[in-house]
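Q: Hi! I have a protein open on my screen and could use some help reading it. Can we go through it together?

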Amino acid sequence: MTAPTAARVAALATLRAVREGELAGRAFEAASHRLDVRDRAWAQELAYGTLRLRGRLDHMLAGLSRRPLERLDPDILEILRLGAYQLTAMDGVPAYAAVSQAVELAKGSAARGAAGFVNGVLQSLRRAGMTSTFPDFAADPVAHLSTWGSHPRWLVERWVDRWGADAARRLVEANNKRPELYLRGLAGGSDVIRLLAEAGVDVATVPGAPGALHVRAGPVSAALAAAPVIVQDPAAGLVVTYAGAVDGLVVADLAAAPGGKALALADRAAFVVASDVSAGRLARARENLERLTAFGPVPVGLLVADGRRPALKPVDVVLLDAPCTGTGTLRRHPDGRWRIQPRDMVALVRLQAELLDAAATLVRPGGLLLYSTCSLEREENEEQVKRFLAGQRQFEVEPGPALAGGVIRGDGMLEVLPHEHGWDGAFAARLRRRG
C-alpha cells in the first residue's frame with residue numbers, strides 16, 4: 001500500500017480542526033494551502049462532502065460497526081466517514097483506493113487495531129453499497145431527513161412543523177447540493193462581464209437578482225484580479241437591492257465582516273462606515289477594499305467597534321446584518337448544521353435584540369434601519385422585528401423596491417428560501433424612522 005495522498009491528509013486535517021471548533025473554511029485553508037489546484041479541489045470536495053453528508057454516512061457506518069460510533073476514537077470515525085463518502089458519493093474513486101488509503105490513514109492513529117477495524121468496516125460497506133436501510137419518508141419524515149437527508153433532528157423537526165414534510169425535504173435536498181459560485185459586479189456601469197471574459201472567466205447574469213453573476217467557468221482568483229467584483233450569493237445581493245436608493249447617503253454597517261454588503265452599498269452611497277467587533281474578520285473586508293481600489297476609489301471606512309455600543313453620530317442609513325444561526329447558508333457552510341444547537345439560537349436572539357436596539361439610536365429622523373440575517377428561523381427574523389417595533393414606536397416597516405421572484409412577503413419584508421429560489425436563504429426588513 002502507498003502512503004495516504006496529501007489531499008486525503010488535508011481532508012482529515014480539516015475534519016479534525018472542525019471537530020475542535022474551527023470553521024470549515026478556515027480549517028480547509030490551513031490544511032490545503034500547500035496543495036496544487038487540482039489536489040486542492042479534490043480535497044475540498046472530499047472534506048466538504050463528508051461534512052455535508054455526515055448524518056447519512058454515520059447511519060450507514062453504524063449498521064456495519066461492531067462498536068457504537070460515539071465510542072470510537074474521533075480520528076478513526078473521521079477516517080471512516082472519509083472512506084464512506086468516497087465509496088458512496090464520489091465519482092472516479094476506485095473502491096480499492098478508497099479503502100486502502102483510509103487504512104493507511106488509520107495506521108497513523110494511536111488507537112489499537114485501528115487499521116484492521118477501518119478495513120473491516122469499509123470492506124463491508126464496499127460490498128453492501130447503498131443498500132443500508134434508511135427510515136421511510138412517508139412513515140417517518142423526520143427520521144428520514146435526519147439520516148438520509150443528513151440534518152440534525154431538532155432542525156428537521158422545526159422545518160417540518162413550519163412548512164410541512166414535503167417542503168422540508170426540498171429544503172434538505174437544496175442544502176445537500178454543491179453550492180454555485182456567484183459574483184457581484186461593482187463600479188457602477190463598468191463593463192465587468194467583458195473584463196471577466198478577457199480573463200477567461202465565463203459568467204451569466206442571474207434573472208431576478210440585479211448585479212449578480214453566475215460563474216460558469218474559470219477560476220475565481222482570475223475574476224477578482226481582472227474586474228471590480230466581490231464573491232456574493234444572489235440572496236445577499238438582494239438584501240442590498242432591497243435597501244433601495246442610497247445614492248449620496250451616508251451608511252453605517254454595524255456588523256460588516258466580511259464586508260460584502262458594505263462594499264456593494266458603497267457602489268452607490270456617498271460613504272459607508274463598515275464596523276465590526278472582530279478585527280480578524282474585518283481583515284477580510286480590508287483585503288477586498290484594497291483590491292477594489294485598483295479599479296477606482298471606494299468610499300468605505302473600516303472601524304473595529306462593538307455594535308452594541310456604537311461610537312457614531314446618526315446617519316441616513318444603518319445596516320445591521322446581524323449574527324445569526326446561518327440556517328439559510330447550510331449548503332455553503334456544511335459544518336454549520338452540526339455546529340449550531342438550540343441553545344445557540346437563544347443566545348443569538350438576545351444579541352440580535354441588543355444590536356437592533358443600539359442600531360436604532362444611530363438612525364437620524366427620517367432615516368432607514370435595514371435589519372437582515374442569513375437565517376430561516378422566525379425567532380431571528382420576523383419575531384425579532386415584531387419585538388423591536390413594540391419597543392421602538394417611532395419606527396415602522398416600509399416596503400422596499402419591487403423585486404421579482406416572490407421574494408417580498410405580504411408584510412413587505414424580504415425572504416429568500418433555498419428550496420424556493422435556489423440560492424442561499426436571507427431575510428431583511430426595512431424599518432423607517434418617522435421624521
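Q: So, what percentage of the 435 residues count as buried?
A: Happy to help! Keep in mind that this is a predicted model. In the protein, 52% of the 435 residues count as buried.

Q: And how many helices and strands are there?
A: The secondary structure comes to 19 helices and 12 strands.

Q: What radius of gyration does the protein have?
A: The protein has 23 Å. A compact globule with 435 residues would have a value near 22 Å, so the two agree.

Q: Roughly what box do the C-alpha atoms fill?
A: Along the principal axes, the box is roughly 70 × 50 × 35 Å.

Q: New topic: how many disulfides does the structure hold?
A: The count is 0 disulfides.

Q: Why is there no bond between Cys324 and Cys374?
A: Their sulfurs are 3.4 Å apart, which is too far for a bond. The cut-off for a disulfide is within 2.5 Å. For Cys324, the closest cysteine sulfur is the one in Cys374, and for Cys374 it is the one in Cys324.

Q: Are those two buried or exposed?
A: Cys324 counts as buried, at 19% relative accessibility. Cys374 has 28% and counts as partly exposed.

Q: What about charges: how many positive and negative side chains?
A: There are 53 positive and 48 negative side chains. The centres of the two sets lie 3 Å apart.

Q: Last one: how much accessible surface does the protein have?
A: About 18,900 Å², and 53% of that belongs to carbon and sulfur atoms.

How values were computed. Residues are numbered from 1 along each chain as its sequence is written. This is a predicted model: local features need pLDDT of at least 70, side-chain atom pairs count only at pLDDT 80 or more; totals for chains, interfaces and linings use all residues. Side-chain values use heavy atoms; hydrogens and water are left out. Buried means under 20% relative accessible area, exposed over 50%, partly exposed in between (1.4 Å probe, protein chains only). Helices (H or I, at least four residues) and strands (E, at least two) are DSSP runs, numbered from the N terminus. The radius of gyration is taken over C-alpha atoms; the globule rule is 2.2 Å times the number of residues to the power 0.38. Accessible areas come from the Shrake-Rupley method with a 1.4 Å probe; for residues, only the protein chains shown count as cover. Lys and Arg count as positive and Asp and Glu as negative; His and the chain ends are not counted. The place of a charge is taken as NZ of Lys, CZ of Arg, CG of Asp or CD of Glu.
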